[in-house]
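Thanks, everyone. I will talk about internal cavities and what lines them.

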Amino acid sequence: MTGKEIRKRFLEFFQKNDHLPLPSSGLIPRNDPTLMFTNAGMVQFKTWFLGLEKPQSPRAVTVQKCVRAGGKHNDLENVGRTARHHTFFEMLGNFSFGDYFKKGAISMAWQFVTVELGLPVDRLMVTVYAQDDEAYDIWHKELGVPEEKIVRIPTSDNFWSMGETGPCGPCSEIFYDYGPTVAGGPPGSEDGDGDRFVEIWNLVFMQYDRDANGTLTPLPRPCIDTGAGLERIASILQGKFSNYDSDLFQPLIKAAAEIAGVTYGQDEQKDVSLRVIADHLRAVTFLITDGVLPSNEGRGYVLRRIMRRALRHGRLLGINQPFLYKLIPVLIQTMGDAYGELAAQESLSTPVIRTEEQRFIATLDGGLRLLEEALAPLSAGGVLEGQAIFTLYDTYGFPTDLTADIARDRLVSLDMVGFARLMDEQRKRARAAWAGSGDAKISHVFHELREKVGASEFLGYLTETAEGAVIALVKDGKQVDALEEGWQGEVVTNQTPFYAESGGQCGDCGVISWEGGSFQVSDTFKPVGDLFVHRGKVVQGRLTENQPVTLQVDQERRGAIRLHHSATHLLHHALRKVLGTHVKQAGSMVAADRLRFDFSHFQALTSEELAKIEEMVNAAILANARQETTVMSPDEAVAKGAMALFGEKYGEQVRVVTIGDSVELCGGTHVSRSGDIGLCRIVSEGAVSAGMRRIEAVCGQVARHSFVEDARRLKEAASLLKLPPDRLGEGLDKLLARQKELERALEQARGELAGNVVDTLLAKTEQVQGISLLASRVNGVESRELRDLLDRIRDRLASGVILLALVEGGKVTLVAGVTKDLIPRLSAGALIQTVAPLVGGKGGGKPDMAMGGGDRPADVDKALQAARQWLAEKCSG
């Protein structure tokens, strides 16, 4: 069975079992900016697993392209030397988002492996987490897998977690047995790392939420995440021991062998080099196709390391000219049916790889001579000095793992301490800069709001003024009931005409007004999904939740943004016409006063090319073509010729913006006709990084007045502080320092006010059976301040029981406390459980502090009286 057939059968099998087939996401994670590369099928679904976004379907199936290289996966030296190490691989995965769980996942996996693929049952083994009796019983009692074929694994190898905290759960793995002729023991045994038993599928049961203390709490909706290696399954089904002998690699290996003039299978050292070339060619081509370009930092440096390692192995085969790029057509023929972007981006990947090959070959010979000279006096067990490693890296472009790869053949190690010291002294060449693997920080309050209030309705395509209602207010990362005059904060409304920053277009500004007040919007953004948040300052009045408001976008600014966004589309089209279809958008920024467009290209633009591009853009403006926006499926949009980014996730429906010959997928705002742009002027062009260029331009009135306007704005900003422009920074520093002084003064005033409240409440203390009891209503504080108030009272009371009740908005909040000396006899948690039902609610907590609440404010006095009765009963008993 070919690799192509396995992909097809996997998708069809799970589609028949009600799974939604989804395309592979790109190798650059879109929802996890601290992951270097997509390294598992679940990455694109992370927000679905965490409940931050609603899944398109409760079940999904994918064939995900993955790269594991760099960081903790930096094991390049094993690629080509073992049967199953790869930098690029494909992961087959089926997923359940709160739908089926262990029984469904195990049953479908077993059916696919034994029936669809026809693997003999007697050659299969499974593992379960040692404490997972449920999974064990499903395998043994329901599917009939013999006990001797099920291994309980007590280690973390069979317990998966998304991070130190968060979703986690046990795993169950399916292994294939290559037979006794291959060394190695079953999983979990002392020689389990051998090659006889090969893991082919991992089933992850996400059923717990782990907190910072390590406590596991069952998830309300357990999920399934599975991953099966296509390369491993293909090699097994094709009767091969090594993945490299499958049809996924052999066409590339044979093509590389033909270029080198060698035959695969006759010389192990040459075979290693051929396998390295085949593996690395897949990785570098897919990375470039997904927008990664060679550089000296981050993802680009990992790409460069992989490519240069492949080139060195080409040199070992006697290939002295660029050759990797010649293998791209073979890769397209092998994998192009599954990944159409390979052919679509061939005009990008071919010149990038060829150019990188040419650059490295120019220094390769000199570097190899230097390395040979440094290695010559060393015998086995010797150490290559750090200076040589540094010179190879800094002057000849040798990644350290390439130097280590060559030195390993001589049994020589590297002085990495000395190399690191030299790098610290001269950090002009960046090392791989990416580290970590977690989510970008988004205030937790927005995740809660998204779940609580849902999405905001966007009206901005049709109007720039709308009526709405405030559904949430946020200040300093916390939800509040009101924003006072002068306060800065965030406002969420049920609907809005304000465009939130996305797709390169900056967020709208404007005014939210109500009777007696106004809120100046300085930015609009979407922190989670489609939750629109307006950031700004209350200029007048007091803004509260549920307040009806009028939302007015700054029309002049929105109009200027429209000009620049539409001009960006025309610029993109002109760039591809003048420079070639390899040009690919790598980023953009659209503001009211300028546009910035980053794109892939390999050299600086000439003045003639810039003039031609600008001329084409302005010709399209003068043509005054009507802007047309249609909504269709992503497939229909691409068929129409719309520009789309490979690897980008699109919904079921997308907006397609057509302006003349330009057709792009876009959710931004645009002019009605191209003539509305008026004029476009390119003001700069330069390099962002290797293979990446940037153009900045201005449009409309800004194009005529850009320089004058910049000077005017600087002067105006300085005049607000009554300072000359060259002292603006000094004035802002003083202003911020003054603000901090006022904030400190405000906090001090609040502290003093809280002290007065404590004195008033302590005066209400009474004695019950010889124990001090303070059971009272509280006013003038917010519910979030109750706990702090309780602590202050308890510190002053010394010994006693406290119950405080706060009524706000028709809701009752209760907080109870017991001093340490009374805890052996009395419990705050028990007190709350007694009185909370009297106000129509519930609660609980620890012996020293507990909280509760209800929705019957009229019964607060009954609850306070019940506290007196409770204490009397406890003391008399």
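Before any residue names, one term: a lining residue is one with an atom within 4 Å of a cavity point, and a cavity point is a grid point where a 1.4 Å probe fits but cannot get out. Also keep in mind that this is a predicted model.

At a threshold of 30 Å³ or more, the structure holds two cavities.

I will take the second largest cavity to begin with. Its space comes to about 30 Å³. The residues around this cavity are L311, G314, R315, I319, N320, Q321, F323, I361 and L364. Two elements, α8 (298–316) and α11, each give two or more residues to that lining. Helix α8 has the largest share there, with three residues. By residue class, the lining of the second largest cavity has five nonpolar, three polar and one charged.

Now the largest cavity. Its volume is about 100 Å³. Which residues line the largest cavity? From the N-terminal end of the list, they are L293, P294 and R304, then V352, T355, E356 and R359, and finally F602, A690 and G691. Helix α11, residues 346–375, gives the most to this lining, with four residues. The classes here are five nonpolar, two polar and three charged.

So that the helix is not lost between the two lists: α11 is the top contributor to the lining of the largest cavity, and α11 also gives two or more residues to the lining of the second largest one.

That is what I have on the cavities. I will take questions now.

Terms used:
Residues are numbered from 1 along each chain as its sequence is written. This is a predicted model: local features need pLDDT of at least 70, side-chain atom pairs count only at pLDDT 80 or more; totals for chains, interfaces and linings use all residues. Side-chain values use heavy atoms; hydrogens and water are left out. On a 1 Å grid over the protein atoms alone, a cavity is a set of points where a 1.4 Å probe fits but cannot get out, and a pocket is an open set with protein on both sides within 12 Å along at least five of seven lines; lining residues have an atom within 4 Å of a point. Grid points are joined across faces, edges and corners, and a volume is the space filled by probe spheres set on the points. Ala, Val, Leu, Ile, Met, Phe, Trp, Tyr, Cys and Pro count as nonpolar, Asp, Glu, Lys and Arg as charged, and the others, Gly among them, as polar.
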